[in-house]
Structures are given as C-alpha cells and as structure tokens.
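Reader: I would like to go through this model piece by piece. Please keep the answers brief.

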Amino acid sequence: MLNMVDTLFVLFSAVLVMLMTPGLAFFYGGMVRRKNILSVLMQCMVTLCLISLQWMLVGYSLSFAPAKGFWGGFGWFGLNGVGFSSCNDYSSTIPNQVFMFFQMMFAVITPALIIGAFAERMKFSAYLIFALLWSTFVYDPICHWVWGAGGWLRQLGVLDFAGGIVVHTTAGIAALATTLIIGRRKGINHIPSPHNLPLVVIGTGLLWFGWFGFNGGSALAVNGVAANAFVTTNAAAAAAGLSWALLEWIRNGRPTVFGIVTGSIAGLATVTPASGFVSVGSAVIIGLLASVGCFIAIAIIKPKFGYDDSLDAFGVHGIGGMIGTLLTGLFASKVINAAGADGLFLGNPKQFLIQLFAVAVVALYTFSVTFLIYKLVDVFFGIRVKEKDEIVGLDLTQHRESAYTILE
Amino acid sequence: MKLIIAIIQPHRLEKVKEELYKAEVNLITVNEVLGHGRQMGVTEYYRGVKETGNLLRKTRLEIAVNDNYLEATIKAIIKGAKSGETGDGKIFVMDLQDCIRIRTEERGKAAIG
C-alpha cells in the first residue's frame, strides 16, 4: 500500500542527496591548486550527468533487480517495469521508481568521491571511461550484494544502513588503489595545498545538509528510524568536527577551519552505516572515534607512506566507512531498529564478525577490480595527463577555461 | 646597488627561491602578473565562444642587491627558471639610486642586506 507521506519524504531526501555531488565538487575544488579547480568541478558535474544515465539504462537493474548471484541482472534494463507500484523487497509504501531515483543519487556520488585521490592529474576523457566502468563493475555488484534483494551479504545479515560499505568503503578503497598506481602530483611542494578554504566550507555545508537525506532518507519512511538517523547523523558530525579541531589544537597549537570541516565529513561518513541502528549516545562515540581514526590515517600514516591521496578520499571516506561499518557491529541495537540486529555490546559478537567479513570481502574485490579497470583504461587511453599539461594546470589544458582572472 | 626584476614561469618560483637561498639572497618581493612575450597566449572557450591570445600567468620577482651579489643572483634565477623553452621569461637589471630601511632609517648599501 503506497503511502504518500513516505513517498514525498523519499523524493525530498533524493534531491538532498543530489545536492551532495555539487557540494562535493566545492569541497574538493577548494582543496586543489587554483589552476585545477575547474577540472574537479567538471569531473563531479559530469559524474552527475553520466551516472544518472548509466543508472537508468543498466545500473539500477544490475544493483537492485531481485536475483541471487553476482549482480541483479538485466530484468529492469532501461527501467523496464520500474513504475509507480512498489517493490516490496525494498519498501511497500513507496513507488519503485521513487526508490530508483533515491538510489540514483547514491550511485552518482560514489564514483565522484574517488576523484579526491587522483585530482590534479587525470585526463578528463580517461576519467569518463573509468567512472562508467567502475560504476558498472564495482559499485553495481557490491550494491547488489549488500542491499539488493537476493544479495549474498544481505542474506548473511550485514548491516549497512546508508552506505558505509556500499558507498564509502568502495570509494575509499578505490581511491587508495588509484592513488597508489597514478603516483604523486608534479610540482607540489606542500601537501595539502588548498587554494580556497571558504569554498571547502561551502562544500561541507552542502554535504552536511544533503547527508540528512542520505542517512535519514535511507529509512524509506517517516518513522522513528528516520528521525533517529537525522539525530545520529548530526551528533556524529558535531562530535567529530569538534574533536578534530581539539586534536589539532593539542598537537599543532592551533585549531583550523580545514580541520573542523574534515572532521565533520569524517564523522558523517563514519556514522553512515550505523545511523539507523545505533542510539544518539553511540553516535557521539562513533563521531569521536571517526575523528581520531581519520586523523591518524591522514596526519600520521599518510606522510609516513608518502602516497599522494590528494584530497584524502581514502583517509576520510575509506577509513571512515570501514571504521563505521565495524562500529555498527559493536553498537547496533534492536531497540533503535527492530529490523536490524544487536551488536557485540548487546551480546551478539557474531554481528561484528559479519561486519568485519563484509568489509574485508568488499575491500578486496574493490581493490582488485579497480586496479584492473585502471590498467585497462590506461593501456587504451592513457590515464595521466602529460607532465607539461599538469604543470600548466588541468583547467586550461583539459577544458580551455580558467576559473579566476587577475585583470578584467 | 642594482634592482633586478625577473619575469618567470609561476611553477618555477619554488625552484628559483631555492637557488636564491643557496646564493644567500633572502630578500625578495614576489607578485603575480599577466604577460605575453614570444610564447603565444592560450585559446579559451566560454560557452562555445572562442577567445584567443589571452595573457599568460607569470610571476614577477623584485630583488634589490649590492653590486657584489649581482652575478650570483642572476645565475641563481637562471638556474631555477631555465627550461630551454619559449616562455622561460626575462631578467631586467637597473641601477638603484637609493634604499632606505624604514625601521632604522639606514640608507644605501647597509639598508639592502
């Protein structure tokens, strides 16, 4: 029985999530050197266009058409049969088409998150092909395993409320794989080198705003779980942002704007899989652990290994997504969500092991297939721009535009 | 006393700074300028409309030195900025009449270093 309030809620949530991709564009765009900001905005915007179309043609079917196996198959190819009636495997109160539309925005932002790893040095044409292949062969199958009807990790009982595995672990691990293969940026003297921090703050605002649709909307109904997800999302972001700033204050002597926004995003990414399963108190703890974990990854581990994850797509989303998925296995509670499960702290250690197993399998699959796709695109099209183009900047060499002028 | 003005490629600035420090020239002023020399400007497109001959971003250095530092400074700039391609830039050298350090009101040679 369709419920119009639920339907309206999910439609509203979907447009909130849509706004996250342009938000991410500014979040990332402000972090690069100014000769490359347009290239980052362009990669994000083209992902919104490209994956929207991929999703309607084949992505939704591969991810969500009910089937057992590697992916959902082609039953809903070209949205065949995806209409105003509900698909009860996902929700009996909203139309299948609305669910498709909501999930489309998740499929869009996930490949866009990876951009942070190879920003400032990937050829635009190569990115298009990479994004298309990655969505089809990494995102869509994993989405089916975890969320699709008949998906094997879903049947195993893994808990991923809004995409700690499906979105953040996959994007983060793909970021690690691509940053390791593509190598460091040329001519960069200090990492990070953001050219416009106010833009990063605008991006953070849009992401935080959109994240309520991302997590809250994942309840797919106006109910207690949705309300809880709104509050836990905000709680984790707040705890992580504040604690990151405090960590910097203690370690480096000053709290920074870049730090507080990075912490907030880490908190949001980390609470994503847990938001509909844990209490508000647990969400605050998850936020604190998010900022400590991601801070260690970015400020201590990354410099030691020397890989150039330009905008910390792995350090924030990968680490955050994985920590969050594991913490869900500790803090989950059936009191919060009867459709979920109890975690280790409520006497169910098995849930933690399931979470651990799911993260490991997804990380392994994502890393290897991303590696293959990268190599394939590199052989046929060449992934990295020429050194001279990289020095002049991607805005001019890839798009023949520049973002800023000195003179009118 | 001489005033050196150098126009270089922006991405060469770090390299030039490094070389200058090695030559013990630590006092420089840097700004960003637009310029057009032998190297042609770039073509940009805005909503399909072509714009040619745009000026290119360059970096301009100003360094005031005492005469005995002149050659070392020029060498350092060349070492840091030269790639052998068009667009590497130019160095201008001119006589400097006087130099005053505002804080101490010192003048001339003593005020430069």
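Author: First, some terms. Helices (H or I, at least four residues) and strands (E, at least two) are DSSP runs, numbered from the N terminus. Two strands pair if DSSP finds at least two bridges between them. This is a predicted model: local features need pLDDT of at least 70, side-chain atom pairs count only at pLDDT 80 or more, and totals for chains, interfaces and linings use all residues. Residues are numbered from 1 along each chain as its sequence is written, chains are lettered from A and ligands numbered from 1 in the order in which they are written, and side-chain values use heavy atoms, with hydrogens and water left out.

Reader: Which residue in strand 5 of chain B stands opposite Ile8(B)?

Author: Strand 1 (residues 2–8) and strand 5 (residues 56–65) of chain B pair in the antiparallel sense, over seven bridges. Within strand 5 of chain B, Ile63(B) stands opposite Ile4(B). The residue opposite Ile8(B) is Thr59(B).

Reader: In what order do the four strands of the open sheet in chain B run?

Author: Strand 2 and strand 5 of chain B run antiparallel, joined by seven bridges. Leu34(B) stands opposite Arg57(B) of strand 5 there. The pairing in the sheet is antiparallel, and the order is 2-5-1-6.

Reader: Why is one side of strand 2 and of strand 6 of chain B left without a neighbour in the sheet?

Author: Strand 2 (29–35) and strand 6 (89–95) of chain B stand at the edges. One side of each is free because each has a single partner strand.

Reader: What is the average twist from one strand to the next?

Author: Angles run from 0 to 180 degrees between N-to-C directions, and axes are lines fitted to C-alpha atoms, for helices over the stretch in contact. From one strand to the next, the twist averages 20°.

Reader: What angle does helix 2 of chain B make with strand 1 of chain B?

Author: Contact means heavy atoms within 4.5 Å. Helix 2 (residues 70–81) of chain B packs on the sheet and touches strand 1, strand 5 and strand 6 of chain B. Its direction makes with that of strand 1 an angle of about 5°.

Reader: Which helix gives the largest share of the largest nonpolar core?

Author: A nonpolar core is a set of buried Ala, Val, Leu, Ile, Met, Phe, Trp, Tyr and Cys residues joined through side-chain atoms within 4.5 Å. Buried means under 20% relative accessible area, exposed over 50%, partly exposed in between (1.4 Å probe, protein chains only). The largest core has 129 residues, and those touching the most other members include Tyr60(A) and Phe64(A). The largest share, 16 residues, comes from helix 3 (residues 96–118) of chain A.

Reader: How many residues of helix 3 of chain A are buried?

Author: Phe99(A) has its place in this helix. At 6% relative accessibility, Phe99(A) counts as buried. Beyond four places in sequence, its contacts include Tyr60(A), Phe64(A) and Leu220(A). Helix 3 of chain A is mostly covered, and its buried residues number 21 of 23.

Reader: How far apart are the end C-alpha atoms of helix 3 of chain A?

Author: The expected span of a helix is 1.5 Å times one less than its number of residues. For the 23 residues here, that gives 33 Å. The end C-alpha atoms agree with this, at 35 Å.

Reader: How many disulfides are there over all chains?

Author: A disulfide is a pair of cysteine sulfur atoms within 2.5 Å. The sulfur of Cys87(A) has its closest cysteine sulfur in Cys143(A), at 13 Å, too far for a bond. Over all chains, the search finds zero.
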